[in-house]
Amino acid sequence: MAFLFGLVIGVVVGVALIIAFVKSENARSKRRAELAATVAAFARMTVEDSRKIFTPDQYPSWVVFSKQQKLKWLNSHLVKIWPAVNEAASELIKMNVEPVLESYRPVVLASLKFSKFTLGTVAPQFTGISIVEDGSDGITMELEMQWDGNPNIVLDIKTYLGVALPVQVKNIGFTGVFRLIFRPLVEELPCFGAVCVSLRQKKKLDFTLKVVGGDLSTIPGMSDAIEGTIRDAIEDSIMWPVRKVIPILPGDYSDLELKPVGKLDVKLVQAKGLTNKDLIGKSDPYAVLYVRPVRERTKKSKTINNDLNPVWNEHFQFIVEDPLTQHLVVKIYDDEGLQASELIGCAHIRLNELEPGKVKDVWLELVKDLEIQRDKKDRGKVNLELLYCPSGMGNGFTSPFAEKYSMTSLEKVLKSSTESKEAAENGGVTKKREVIVRGVLSVTVISADDLPAADLLGKSDPFVVLTLRKAGTKNKTRVVMDSLNPVWNQTFDFVVEDGLHDMLILEVWDHDTFGKDYMGRCIITLTRVILEGEYKETYDLDGAKSGKLNLNLKWTAQPIYRDT
């Protein structure tokens, strides 16, 4: 049993090390032979060591599922076989990475290819191993790797002006965790059918770019564009949940491929107390949001000029591939016009904190860096509404952002008939349509508690102004004299033309004979009431030392559609 375990571990690690970036079905036969010989040599050395360190009734000390252990034995063998790994893997990595780089090529460049690519003479060092128990019918292993290599990598870059630039990638420093998934487990050696390889965590990735015989800084923006391209290519090609599936035994492994498993709807509501980055005036904030940090999946909000408490109320949707490990990232920037935007702060939330099918309203504190949170400076906070909907979610649930939310049978028939007619008129092409949730919002202002005293005698004469932000419709309650805990019990109806993109603002004022004094406000999106139909809630007053508003909201929907 111990010998078999050593054999499996040897083959597993050997395969993962050598063909992590290789698609076996596309490799040349000569390279396949080199890879097979290297794997066999690695497995043979590992098995020889396993005979020395294994006893029939004892596993080696590093086999611990709960924490990472040093792997001196693996590193010593890797040093021995590194020349073979370098020779076999360099061309294959180049062949697979070049198309990815080309797809992310900056628009200012005509071509972006490798002229030289070798991994160098310095082997990476593995500093830990752990087994992830995820309940699947396979083995999930995570290997932590550190590499300060001396590769010979030269990019052949050509501009549209005909200028050729040989750019060398130097001083590479990398630390990260690779995830290896071995599925399915079978009786035939090497005891698994395929390997999924992914970069689970990128702790550090440093490198420098240098033009051979020149200076890249002489071309403004070129260095940043190339560096961004390299980082985007890494994110999109191997960062988890993206994975490379390498078949080991014949079979269908399509179930191991990356697939969307749900959608995340995000409403960027507002931010408060942002750090001012401008010497004159106030910051002009905008937000960047993503689940996977690749260009086509990154969303950007509009810019709110001269405001440290911006209100956006913008909706974005993201594809989710792994809700257990993925998270939403929000970065707030100050728009500097023609100059580079300055980061105000960033925040993130793990998707496994969200209950499927339920809207979560969160305030996230902004920090300087998501990885190193040593800076305790107050940078403000951002308000989000989040709704995660797994694919095929049943139990009668329908997302309010879904196209057919709250449609009656008649509306479905009319929409289908209209779309068929439009498709016939447009040569079979149907215009994309965006749902507009129209209806009546009934707001009952019940009461307020613990309002701040605005008068000299320690009392206030409060009233509430209700505003539908997008429509501009306003209503207000009566004035309650001499009270810090007023009771109104007044209901107001608003005709809402676009519920998903509108919001309700309630401002509390103190009535005076010669004017009025502002006491505080609360801002409410309509997502929750659209989803739940009716609810009762207590809201804190923003901008006030104390005070709460007790409200009841009710929604009666009537959706319509518009072309986008």
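Author: Relative accessible area sorts residues into three classes: buried is under 20%, exposed is over 50%, and partly exposed lies in between. The model discussed here is predicted.

Reader: Why is Arg297 called partly exposed?

Author: Arg297 has a relative accessible area of 23%. Partly exposed is the class between 20% and 50%, so Arg297, at 23%, belongs to it.

Reader: What makes the contact between Arg297 and Glu321 a salt bridge?

Author: The term requires a side-chain nitrogen of Lys or Arg within 4 Å of a carboxyl oxygen of Asp or Glu. The closest N and O atoms of Arg297 and Glu321 are 2.6 Å apart, so the pair qualifies. This pair links distant parts of the chain, 24 residues apart: Arg297 lies in the loop between strand 9 and strand 10, and Glu321 in the loop between strand 11 and strand 12.

Reader: How do you know whether Glu321 is buried or exposed?

Author: Its relative accessibility is 8%. Since buried means under 20%, Glu321 counts as buried.

Reader: Why is the pair of Lys272 and Asp542 called a salt bridge?

Author: The side chains of Lys272 and Asp542 meet at 3.1 Å, N to O, and the cut-off is 4 Å; the pair therefore satisfies the definition. The two partners are 270 residues apart, with Lys272 in strand 8 and Asp542 in the loop between strand 23 and strand 24.

Reader: What classes of exposure do Lys272 and Asp542 have?

Author: Lys272, at 18%, is under the 20% limit and so is buried. Asp542, at 25%, falls between 20% and 50% and therefore counts as partly exposed.

Reader: How do you know that Lys470 and Asp498 form a salt bridge?

Author: Their side chains meet at 3.0 Å, N to O. The bridge links distant parts of the chain, 28 residues apart: Lys470 is in the loop between strand 18 and strand 19, and Asp498 in the loop between strand 20 and strand 21. The limit is 4 Å, so a separation of 3.0 Å meets it. Lys470, at 49%, is partly exposed, whereas Asp498, at 6%, is buried.

Reader: How many salt bridges does a search of the whole structure find, and which residues are linked in a network?

Author: The search finds 12 salt bridges. Glu142, Arg179 and Arg200 are linked in a network of them.

Reader: What makes helix 3 short of the span of a straight helix?

Author: Helix 3 covers residues 72–103 and has 32 residues. At 1.5 Å a residue a straight helix would reach 46 Å, but the end C-alpha atoms of helix 3 are only 39 Å apart. Helix 3 also bends by about 60° at Ile81, with a proline, Pro83, following within four residues.

Reader: Why is one set of residues called the largest nonpolar core?

Author: A set earns the name nonpolar core because its members are buried residues of listed nonpolar types, joined through side-chain atoms within 4.5 Å. The largest such set has 50 residues, and Leu155, Ile157, Val167, Val169, Ile226 and Ile230 have the most contacts inside it. The elements that give two or more residues include strand 4, strand 5 and helix 4. Helix 3 supplies the largest share, 10 residues. Another core, of 31 residues, lies apart from it; among its members are Leu466, Val480, Leu504 and Cys522. In soluble globular proteins, nonpolar side chains tend to be buried together.

Reader: What is unusual in the phi angle of Asp482, and where is this residue found?

Author: Phi of Asp482 is near 50°, a positive value in a residue other than glycine. Asp482 is found in the loop between strand 19 and strand 20. Its relative accessibility is 51%, over the 50% limit, so Asp482 counts as exposed.

Reader: What class does Asn306 have?

Author: Asn306, at 45%, lies between the two limits and is therefore partly exposed. Phi of Asn306 is near 55°, also a positive value in a residue other than glycine. Asn306 lies in the loop between strand 10 and strand 11.

Note on methods:
Residues numbered from 1 in each chain as written. Predicted model: local features only at pLDDT ≥ 70, side-chain atom pairs only at ≥ 80, totals over all residues. Heavy atoms only, no water. Expected span 1.5 Å × (residues − 1). Bend = angle between axes of the 7 residues up to and from the residue. Buried < 20%, exposed > 50% of the residue type's maximum accessible area, 1.4 Å probe, protein only.
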